[in-house]
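The exercises below go with the sequence and structure shown here. Work each task before reading its solution.

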Amino acid sequence: MITDEHIAYISRDLHYRGIVEEHIQHEMLDHLCEQVDANMTKGQRFIDAYEAALISLGYSEGLLKTQSLIIKSEHSNSLTMLHNYVTVALRNLSRQKIYTLINVFGLAVGLAACLVIGLYIVQEFQFDSHHEYADRIYRIDAHAKIGVNEFDMTYRSAVEAKDLQETFEEIEATVRFRQMGSYLVKTAEGNDNVKESNVIWSEGTFFKVFSVPVLEGNAATALSQPHGVAISKRMADKYYSGKSAVGQPIILDNARYGIVSAVFEDMPATSHFHFDIIIAFNGDWPIAREAASTDYLTENFITYILLKPGADARALGEKLPRFIKQHVGDALARAMGGDFSFDKFLEQGNRYSITLRPLRDIHLHSNLKGEFEPNGSISYVYVIAAVGIVILLIACINFVNLSTARANTRAREVGIRKAMGSLRIHLIRQFLTESLLVSSAGFLIALIMAWLFLPWFNHLAQRDLNIPWASATFIVIILMSTISVGVVAGLYPAFVLSAFNPAKVLKGERIRTSGISAFRNALVVGQLGLTVLFTVVTLAIMQQLRFMQHKNLGYEKDHVIIIHDTYALRPNNVNPFKNEVLNLQGVSTGTVSGYVPVEIENAGRNNNTFWEEGKEPTGENLVTFQRWSGDHDYIKTFGMKLLAGRDFSKDIKTDDQAVIINESAARQFGMKDPVGQRIVKFDVGTQGQEQQQKWTIIGVISDFHFTTMKEAILPLGIFLGNTDGSVSFRYKTDNPKELIAQMENVWKRLAPNQPFNYSFMENDFANMYQAEERLVKIFTLFSAMAIIIACLGLFALASFVAQQRTREIGIRKALGATVESILLLLLKDFGKLVLVAFIVFSPVAYFAVSSWLSSYAYNPGIGPSLYVIPAIIISTIAAAAVLVQSIRAATANPVASLRNE
């Protein structure tokens, strides 16, 4: 009978009479509307019905007195009310043990995942922030395009740092690094070498630019002394335990004698480099002569600059192109000869530039050739952050779903409370208290779960995360998050449940919950859809990893043993070692080389730019490719396919000026028949003069993958050389352990006191894809979490839906319906939600997978299996969760069901 206009009139009149407290006004409005509606049902006009309702409440005086008493009661009994809220909340939660456990466990899993991910993200953004001048330190990065080849790298020439500082007054200091791989290290008293990987060459300004505390020695002079070597505390404890390390001799590769000049504090985990041994350029070492080079075309150093306070990095960056044209352009012109100019070089589509990379951007925003260590990725951080948010959303959706699903079961409780005088605000507080208790329990369990889970996650993500229990900021964040999650997750259920009409509830009328059901179904679709997204992405990563592991690589990686650090056999035992091992039973062939077709530490390679003899070295004719060195058995040992020409021959003396190129190099040269053609490159002689070198192409091999499949196969040339970084052997025995033992015996005889390090090529290949393997494990874990939480929610939700449909099920069974038909009826409703989730979220999953696969030059594409398999998995698990609860309702005695109703 009562209309919206009538309700609006009553609301305005209450405000006019002084009822301004919003929650009290709502309660009085509800009460008055019920009375007015009842009076109008008896035939009274609206105005008369409203007047009678006001009389029953004492007109304005009575209304204001009621408002005053409520406010006074609320303020005077707040602690009592809070105690009552908590007591009632605990009682309600204990009555619904399964519901409570599902809610608490679901929230705990989601919160634990978010907590671990949050710690990971915070650490990612803290990299290199410990340096005092972090905001003023920049790395010089280079970007080049020569012909069709593009290069982004950290390598710079030795002389560039000095010229930069002399040219630009904004620069306060520079520091250079030179990577030379690992070293064999021992003390003067020691006989056995130890392989150390975190070794770098640098100069005296290192400790001025970077805030690395020096524990022993003088930071200002440590790397300025001839043969000075600074070592970390870890190295000092390892090699000079129990005594001062400063002044002690240290021997590198059995040939370089240094003196420990300083001991510095171990570099923190949040650093983009972790050096243990820093060797000074000063001295009579070959590196010292290289560091003094003035050649701009030899780029082997990594350069950092420290700007003066207040200097504008952007303005400095705008001046760098002119600097490059002056120095690099002139060097290129001298090397190329003729009418070459840097302007013409650029006009032909080539590019050469340097940029400033802020120190704190390196870890998350840089992945160039020459990085000290594998960096992180801002995209990866965004993905992990999204994963954490999604997991938490799924857990919160569970809470909202289960709370609204209990609406009818708690309707009578709400009606009785309202009839006994409870205001709506009291009921909202009651339900929010329950939500906060669940949230608090969830956070407590989440902290325990995160603490137990962190060691495994640290191993997986290669991090050193810890829960900062003593941090006040962390405690505040946890408390605020607990309250926020509790309020946000419980707000909607609290308002929905507290809005029930007490008169209708107590009369036994069913509450209309179509709006609630629609909202709940939307949340279920979102929850299932996010689970679909997780599962599809996880399967896509697994599929890509499997594709890379089984793709034809262009060489044979199985049954190959690589012996590392064979420079320890110098000066004369490298080839004798190879020859003796070849005589062992089970070894078929072997090769001494500077590089192998998988990425391993200390692999020697470099990029050179060539052009075809007889042509001008213009941008169109220049081809830049990797220059590998190997011996006569290189191609045979690695099982590469020779497409044209011949292999290197010991009987042909001129092969030391020959090269074997891959298909990509032949294509870029534009050669239809490359065999017999000659290629040329410019070089810098021992006296600094520019000169040309020429090689004859004697063979073409098929393209093979020598980097990860994120990169296309680039041009490459194999040259006959004496680089002895490793010796690789192909074997044909079923007992490689025994063969390795025999190899080690040969090694110990030829290289006593030198470490024997080996690996299987197939394992080295697998290590190239460790990042993908970690990603698979992480996404598999989080997908499992998402599925578990979602299915727990479906399990509980199915229980409440079956309970609400008890009368319907009883009637259907009484009319002859079978258990199977009732189960099908209950499954159909949830099946629709699963179907909608797939329809809505499949395009999102397709876009996410497509974007990720686009970073790989070689990928299997997106096939139907990426959707069919998740559909089967999620549908099966969802059906099982629903069936477990539905079978009980479907098999119940219909007489008992109808009698209870």
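Among contacts between residues at least 6 apart in sequence, what percentage join residues at least 24 apart?

**Solution.** The model is a predicted one. In this chain, 79% of the contacts between residues at least 6 apart join residues at least 24 apart. The chain has 901 residues, and buried residues make up 50% of them. Its secondary structure comes to 29 helices and 25 strands. The accessible surface is about 41,400 Å², with 56% of that belonging to carbon and sulfur atoms.

**Exercise 1.** Describe the largest nonpolar core and the surroundings of one of its members.

**Solution.**
- Step 1. The largest nonpolar core holds 104 residues, and the members touching the most others are Ile391, Met640 and Phe782.
- Step 2. Helix α19 (residues 514-550) gives the most to this core, 13 residues.
- Step 3. Leaving out residues up to four places away in sequence, Ile391 touches Val109, Gly110, Ala113, Phe534, Phe782, Met785, Ala786 and Ile789.
- Step 4. Another core, of 34 residues, lies apart from this one; Phe151, Phe323, Phe345 and Trp611 are among its residues.

**Exercise 2.** Classify the ring pairs Phe210 with Tyr304 and Tyr634 with Phe638, and place each pair in the chain.

**Solution.**
- Step 1. A pair of aromatic rings is described by the distance of the centres and the angle of the planes.
- Step 2. The whole structure holds 45 aromatic pairs. For Phe210 and Tyr304, the centres are 5.3 Å apart and the planes lie at 80 degrees, so this pair is edge-to-face; the cut-off is over 60 degrees.
- Step 3. Phe210 is in the loop between α8 (206-209) and β8 (214-217), and Tyr304 is in strand β13 (residues 299-307), so the pair ties together parts 94 residues apart in sequence.
- Step 4. Phe210 is buried, at 0% relative accessibility, and Tyr304 is buried, also with a value of 0%.
- Step 5. The rings of Tyr634 and Phe638 have centres 4.9 Å apart and planes at 70 degrees, so they too are edge-to-face. These two residues are 4 apart in helix α21 (residues 634-638), which separates them by about one helical turn.
- Step 6. Tyr634 is buried at 1% relative accessible area, and Phe638 is buried at 0%.
- Step 7. Phe210 and Tyr304 also belong to an aromatic cluster that includes Phe177, Phe264 and Phe372.

**Exercise 3.** Which parts of the chain does the salt bridge between Arg139 and Glu371 tie together, and why?

**Solution.**
- Step 1. Side chains of opposite charge can pair when their charged atoms come close.
- Step 2. The closest N and O atoms of Arg139 and Glu371 are 2.9 Å apart; the salt-bridge cut-off is within 4 Å.
- Step 3. Arg139 lies in strand β1 (residues 137-146) and Glu371 in the loop between α13 (362-365) and α14 (378-405), so parts 232 residues apart in sequence are tied together.
- Step 4. Arg139 and Glu371 are both buried.

**Exercise 4.** State whether each partner in the salt bridges Lys325 with Asp343 and Arg646 with Asp655 is buried or partly exposed.

**Solution.**
- Step 1. Lys325 and Asp343 meet at 3.3 Å, N to O. Lys325 is partly exposed at 39%, and Asp343 is partly exposed at 36%.
- Step 2. Arg646 and Asp655 meet at 2.8 Å, N to O. Arg646 is partly exposed at 29%, whereas Asp655 is buried at 1%.
- Step 3. Shared partners join Arg139, Asp141, Arg357 and Glu371 into one salt-bridge network.

Conventions. Residues numbered from 1 in each chain as written. Heavy atoms only, no water. Core = buried A, V, L, I, M, F, W, Y, C linked by side-chain atoms within 4.5 Å. Buried < 20%, exposed > 50% of the residue type's maximum accessible area, 1.4 Å probe, protein only. Contact = heavy atoms within 4.5 Å. Phe/Tyr/Trp six-rings, centres within 6.5 Å; stacked < 30°, edge-to-face > 60°. Areas by Shrake-Rupley, 256 points an atom, 1.4 Å probe, with all protein chains shown as cover. Salt bridge = Lys/Arg side-chain N within 4 Å of Asp/Glu carboxyl O.
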